[in-house]
Amino acid sequence: MTSSTAASHAPVAARTRTGGPQDGPKIVEHIVGWAFVIVLAMLVTQAGLM
């Protein structure tokens, strides 16, 4: 077995995490997301882009 074939059969758990909250409560992520949407909407309307 070559090294490239062995690497392709590596377990999924060995993959590197790419970021993002995985352990915390989902409600915090939702609140921060909606706050970002509201702030972005306020900026767009104040700038007259919409």
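## Val 32

Val 32 is exposed, because its relative accessible area of 53% passes the cut-off of over 50%. This is a predicted model. Val 32 sits in helix H2, which runs over residues 26-46.

Val 32 also belongs to a nonpolar surface patch. Its partners there are Ile 27, Val 28 and Ile 31. The patch covers about 390 Å².

## Helix H2

H2 is 21 residues in length. From first C-alpha to last, H2 reaches 31 Å. That is close to the 30 Å expected at 1.5 Å a residue.

What is the sign of phi at Gly 48, which follows H2? The phi of Gly 48 is positive, near 75°.

## The chain as a whole

The secondary structure consists of 2 helices and 0 strands. The chain has 50 residues, and 0% of them count as buried. For a residue to be buried, its relative accessible area must be under 20%.

The exposed area of the chain is about 4,800 Å². Carbon and sulfur atoms supply 68% of that area.

Terms used. Residues are numbered from 1 along each chain as its sequence is written. This is a predicted model: local features need pLDDT of at least 70, side-chain atom pairs count only at pLDDT 80 or more; totals for chains, interfaces and linings use all residues. Side-chain values use heavy atoms; hydrogens and water are left out. Helices (H or I, at least four residues) and strands (E, at least two) are DSSP runs, numbered from the N terminus. Buried means under 20% relative accessible area, exposed over 50%, partly exposed in between (1.4 Å probe, protein chains only). Accessible areas come from the Shrake-Rupley method with a 1.4 Å probe; for residues, only the protein chains shown count as cover. Patches are made of residues with over 30% relative accessible area and no salt bridge: like charges are joined within 9 Å, nonpolar side chains (Val, Leu, Ile, Met, Phe, Trp, Tyr) within 5 Å. A salt bridge is a side-chain nitrogen of Lys or Arg within 4 Å of a carboxyl oxygen of Asp or Glu. The expected span of a helix is 1.5 Å times one less than its number of residues.
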